[in-house]
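I sat down with this one to look up charge pairs, an odd lysine, a pocket and some backbone angles. My notes are below, in the order I went through them.

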Amino acid sequence: MKKLFLIFTFTGYIFAGLIDAIAIIVNNEPITMLEILNTSKILNISKKEATELLIEQKLEESEIKRLGISVDEFELEDALEKFAKNRGLTLNELKELIKQKGINWEEYETNFKKQLLKKKLYQKIASTKISQPDESELLEYYKKHIKEFSVPKFVEVVKYISNSQAALNAVIKNPMASIPGVQIGEERVDISKINPKLAFLLQDTKEASFTPIIPLGDKFLLMYVKKKIDVTPMEFENVKNAVLAKIMEERKKEAIKDYLAKLKVNAKIKVLRLP
């Protein structure tokens, strides 16, 4: 029995050692087996996908350091306040909400700062790698993606209103469930008679999809788009800026993808073991 206990103990130590071991070194920065396993579990992705994601993160961090990109405390607090305000919250209310979810605020703040640094890196890449499309390119894109620049006269929606944002998140996860504290109603919305921002939101949301949750005074609104009626294309001249924005966003994504691919080719990546 004692021998058996020692074998199990020894095996446990070996397993723990393997989990904590370094799996990959990217530009002298380690990625552990535990990081890969945790990322895979948290994001519900394969270990291979988690490994690729972590390698990409290390490459981004190296480039952020190389380019001297930084975020000071004032920028961080300002960004957090704006983030909270866009969700109908004060910064203190956001902190309380994060704590209620069992997340350490300092850890949340650190991850938020990482996202700001990443955003700055992407903006820097985009500013030097993207060219503006000319008139003919704009028109060609408009014709090719005409459905994206078409609007309905009416939209049939299911509206969900609640004092709790969490309750509406529960609706998104399980639309068929009866969630306490949620008012439900159906409506045929005339796009020409509502707030332009709300009209854009409904136009931009695909059929059989939910809109983002919208602050509504002291309540929150969620809408499920059932059907769009009398959909017609908008005039090119009226949507030229929107066409430009779409093209620039696509070019930005492509430029970032190419940039990161080149970083990976030139990086020093040493694979020691894989989970």
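These entries go from ground rules to salt bridges, then on to single residues and the pocket.

**Ground rules**

I am working on a predicted model, where local features need pLDDT of at least 70 and side-chain atom pairs count only at pLDDT 80 or more, while totals for chains, interfaces and linings use all residues. Residues are numbered from 1 along each chain as its sequence is written, and side-chain values use heavy atoms, with hydrogens and water left out.

**Salt bridges**

I started with charge pairs, since side chains of opposite charge can pair when their charged atoms come close. My cut-off for a salt bridge is a side-chain nitrogen of Lys or Arg within 4 Å of a carboxyl oxygen of Asp or Glu. By that rule I get 11 salt bridges.

I looked up Glu75 and Lys120, whose closest N and O atoms are 2.8 Å apart in a salt bridge. Glu75 sits in helix α4 (residues 73-85) and Lys120 in helix α6 (residues 105-129), so this pair ties together parts that are 45 residues apart in sequence. For the element names I use DSSP runs numbered from the N terminus: helices are H or I with at least four residues, strands are E with at least two.

How exposed are the two partners, Glu75 and Lys120? I call a residue buried under 20% relative accessible area, exposed over 50% and partly exposed in between, with a 1.4 Å probe and protein chains only. Glu75 is partly exposed at 32%, and Lys120 is partly exposed at 29%.

Next I checked Arg251 and Glu137, which form a salt bridge at 3.0 Å, N to O. Arg251 is in helix α10 (residues 236-266) and Glu137 in helix α7 (residues 135-144), so the pair ties together parts that are 114 residues apart in sequence. Arg251 is partly exposed at 25% relative accessibility, and Glu137 is partly exposed at 30%.

Lys193 and Asp190 also meet in a salt bridge, at 3.9 Å from N to O. Lys193 counts as exposed, with 70% relative accessibility. I also noted that salt bridges sharing partners join Glu135, Glu237 and Lys240 into one network.

**The lysine without a salt bridge**

Which side chain of opposite charge is nearest to Lys228? It is Glu207, 6.6 Å away, and Lys228 is buried yet has no salt bridge. For charge I count Lys and Arg as positive and Asp and Glu as negative, leaving out His and the chain ends.

I found Lys228 in strand β8 (residues 219-229). A polar atom of the Lys228 side chain lies 2.8 Å from the backbone oxygen of Gln203. Leaving aside neighbours within four places in sequence, Lys228 is in contact (heavy atoms within 4.5 Å) with residues including Pro152, Phe154, Leu202, Gln203 and Glu207.

**Glu186**

I then moved to Glu186, in strand β5 (residues 182-190). Glu186 is exposed, with a relative accessible area of 61%. Apart from neighbours within four places in sequence, Glu186 is in contact with Val157, Val158 and Lys226. Its side chain shares a polar contact of 3.1 Å with the side chain of Lys226. I take a polar contact as a pair of N or O atoms within 3.5 Å; within protein, one must be able to donate a hydrogen and the other to accept it, and residues adjacent in sequence count only if both atoms are side-chain atoms. The C-alpha atoms of Glu186 and Tyr224 are 9.3 Å apart, with their positions 38 residues apart along the chain.

**Largest pocket**

Which helix gives the largest share of the lining of the largest pocket? It is α3, with 8 residues. The volume is about 760 Å³. Of the 19 lining residues, the closest to the centre are Gln57, Glu61, Asn111, Lys114 and Gln115. The elements giving two or more residues to the lining are α2 (33-43), α3 (47-67) and α6.

My pocket is an open set of points on a 1 Å grid over the protein atoms alone, where a 1.4 Å probe fits, with protein on both sides within 12 Å along at least five of seven lines; lining residues have an atom within 4 Å of a point. Points are joined across faces, edges and corners, and the volume is the space filled by probe spheres set on them.

**Positive phi**

Asn28 has a positive phi of about 70° although it is not a glycine. I placed Asn28 in the loop between β1 (22-26) and β2 (29-32), and it is exposed at 69%.

Asp230, also not a glycine, has a positive phi of about 55°. Asp230 lies in the loop between β8 and β9 (232-233) and is partly exposed at 44%.
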